Amino acid sequence: MTTLLLTNARLAGASGPAVGAAAGLVDVLLDGGRIAAVTPTGAAGAGHAVVTGDVVDLDGRTVVPGLWDAHTHLTQWALVRHRLDVSWATSAAHAADLVRDRLRYAAAPAGGQPLVGYGFRWATWPDQPTAELLDAVAGEVPVVLLSGDLHSAWASTAGLRFLGIAHHPSGLLREEEWMPASPRIVTVEDDVADALVADAARAAAARGVVGVVDLEVDDNLTTWRRRVARGWDGLRVRAGVWEQHLDAVLDAGLRDGDPLLDPAAGPAATSDLVRQGPLKVISDGSLNTLTAYCFDPYGGAGHDGHDGHHGQVGHAAHGVLNVETDHLVPLMARAHAAGLRCAIHAIGDRANALALDAFAASGARGSVEHAQLLRREDVARFADLGVTASVQPEHAMDDRDVAEELWPGRTARAFPLAELRAAGVRLSLGSDAPVAPLDPWVAVAAAVTRSRDGREPWHPEQRIDVAAALAASTGGRPLHLAVGGPADLAVLDVDPLAPDADLRTMPVSGTLVAGRWTHRAL
Ligand SMILES: [Zn+2]
């Protein structure tokens with residue numbers, strides 16, 4: 001394997017005047033997928049003699065370990081990121097403008113797939129939706145917009161063709177015209193999903209992402225073996241397994257971190273980027289649906305605070321527990337005995353307490369996913385049990401108002417990142433894409449500022465510092481580059497530790513996985 005030398009690189013936090021000779025610039029030599037050397041730029045005896053490949057001048061840009069997203073639903077994200085929200089269009093012409101803007105500022109979907117929009121409400125529009133209106137802004141790109149109630153769709157001429165409809169007087173398909181065509185949009189073939197996921201991986205790489213944990217609700221073993229056999233090279237992936245597919249993973253003898261190779265593909269399938277991830281179990285619901293399982297009843301207007309049923313049938317005042325302890329503990333013990341980690345979804349404080357009980361009882365290793373509301377004593381238990389808190393800081397920005405309403409008086413212990421960190425708990429940041437965008441800089445910014453859109457910080461005492469947020473996004477790797485470690489790197493135009501760095505929009509000019517560029521805009 002040839003080497004790659006990144007010259008005139010800066011290490012994060014090294015941009016201050018106090019740092020060493022030659023303005024703190026270093027050469028980073030990559031060899032065999034690993035970091036072979038980090039030496040001051042221009043120093044005598046540095047690795048130049050052994051450079052057999054490219055030399056890339058980073059011109060003072062900052063190099064950090066590549067970023068991970070610890071919680072994604074990759075196929076869902078790949079589908080949603082191409083969909084366009086037209087719910088706020090006030091006329092057909094306005095909706096067409098939104099389509100035109102989208103195609104102007106973002107690439108059209110790959111593989112001849114349509115641009116799908118959703119949410120339009122045409123009953124109150126002053127003008128008529130027509131295929132011609134969309135043709136004028138989209139040309140040969142197929143466009144299919146779905147109405148808010150999903151009972152009708154509005155297509156361009158190319159969109160109609162995609163739906164298998166040769167001629168239609170207006171392009172507005174209603175009820176019985178639309179229903180037979182709708183599976184063309186709703187059901188996605190494997191080939192299409194794979195192409196969209198590859199595209200989503202390229203977009204993630206453009207944000208400095210080198211790896212994701214994929215918790216898609218799917219037979220991930222089959223899906224990822226297929227993608228590996230087809231030459232997957234986008235990102236490192238840890239593919240989670242759901243209980244209904246656990247036997248297949250155990251039968252294959254796969255332990256945590258083992259490469260998922262397609263046995264039918266033979267030696268062609270040599271990529272080790274995709275590896276076995278954790279058993280995923282959903283133990284409770286969510287805050288917004290009042291189903292996160294809590295010690296105290298939901299509060300706020302319309303929530304009576306008594307056991308029983310709310311307006312939404314079946315949602316008890318304390319939320320819902322999906323998996324009883326006497327099922328969860330043996331399930332986790334079985335996965336643990338087979339060498340798998342466990343990723344237990346728990347949002348409410350009672351679900352978190354029970355998840356920690358289950359880790360203790362089963363001896364399993366792994367993470368609690370979300371950990372949104374925690375009792376003070378359970379924070380310490382995360383540390384004692386060595387359970388990772390896999391958190392999505394941007395959800396705190398999405399849900400701060402609803403949390404104040406539904407968890408009144410309790411939000412001081414909601415998304416308690418600083419408290420977890422102070423207790424020595426290992427944090428992993430993620431997006432839960434498509435719930436939040438697959439962009440670690442969004443998560444890092446939310447964790448560091450507890451603020452978005454200029455609002456005052458929410459419980460600022462729970463902010464963590466940039467170095468901690470980045471460590472929680474790089475698998476706990478320190479911000480300096482470890483010689484001998486994997487050459488998974490992100491090249492940033494701005495030092496993230498600089499006091500004025502805008503983390504949310506961090507410009508990323510390069511990303512390498514195992515020493516290979518997966519994004520390069522230098
Ligand atoms: Zn999720």
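# Reading a predicted zinc-bound model

Modeller: Start with one ion pair: E456 and R400 form a salt bridge, with the closest N and O atoms 3.3 Å apart. The two residues come from distant parts of the chain, E456 from the loop between α14 and α15 (466–471) and R400 from helix α12 (residues 393–406), 56 residues apart. The model is predicted, so local features need pLDDT of at least 70 and side-chain atom pairs count only at pLDDT 80 or more, while totals for chains, interfaces and linings use all residues. Residues are numbered from 1 along each chain as its sequence is written, and side-chain values use heavy atoms, with hydrogens and water left out.

Colleague: What counts as a salt bridge, and how many does the structure hold?

Modeller: The term means a side-chain nitrogen of Lys or Arg within 4 Å of a carboxyl oxygen of Asp or Glu. The structure holds 29 of them. One of these joins E140 to R161, with 3.5 Å between the closest N and O atoms. E140 sits in the loop between α3 (131–138) and β9 (143–147) and R161 in helix α4 (residues 157–162), so this pair ties together parts 21 residues apart in sequence. Another links D190 and R226, whose closest N and O atoms are 3.2 Å apart. Here D190 belongs to helix α6 (residues 190–205) and R226 to helix α7 (residues 220–229), 36 residues apart. The element names are DSSP runs numbered from the N terminus: helices are H or I with at least four residues, strands are E with at least two.

Colleague: Are the partners R400, R226, D190 and E140 buried or exposed?

Modeller: Buried means under 20% relative accessible area, exposed over 50%, and partly exposed in between (1.4 Å probe, protein chains only). R400 counts as buried because its relative accessibility is 4%. Salt bridges with shared partners also join D190, D191, D194, R226, R227 and R230 into one network. Within that network, R226 is buried at 16%, whereas D190 is partly exposed at 41%. E140 is exposed, with a relative accessible area of 61%.

Colleague: Which protein atoms are donors of the zinc ion?

Modeller: Donors are N, O and S atoms within 2.8 Å of the metal (3.2 Å for Na, K and Ca); water is not among the atoms, so sites may look incomplete. In this model the protein donors are H71 (NE2), H73 (NE2) and D432 (OD), at 2.0 to 2.2 Å from the zinc ion. Along the chain their spacing is H-x1-H-x358-D. H73 lies in the loop between β6 (67–72) and α1 (74–80), and D432 in the loop between β18 (427–429) and α14 (440–449), so the pair ties together parts that are 359 residues apart in sequence. H73, at 13% relative accessibility, is buried, and D432 is buried at 9%.

Colleague: How is the length of helix α10 checked, and what does it give?

Modeller: The expected span of a helix is 1.5 Å times one less than its number of residues. Helix α10 (residues 349–362) has 14 residues and should span 20 Å; its end C-alpha atoms are 20 Å apart, which agrees. Its buried residues are D349, A351, N352, A353, A355, L356, A358, F359 and S362. The cover over them includes α9 (325–337), β15 (342–346), β16 (366–370) and α11 (376–385). G363, just after α10, takes a positive phi of about 75°.

Colleague: Which residues other than glycine have a positive phi, and which peptide bond is cis?

Modeller: Most residues other than glycine have a negative phi, and most peptide bonds are trans. Among the exceptions here, N8 has a phi near 55° and is placed in strand β1 (residues 4–11). L290 has a positive phi of about 60°; L290 lies in the loop between β14 and α9 and is buried at 8%. The peptide bond from A433 to P434 is cis, with omega near 15°. P434 is in the loop between β18 and α14.

Colleague: What does V141 touch beyond its neighbours in sequence?

Modeller: Contact means heavy atoms within 4.5 Å. Setting aside neighbours within four places in sequence, V141 is in contact with L103, A108, S156 and A158. V141 lies in the loop between α3 and β9.
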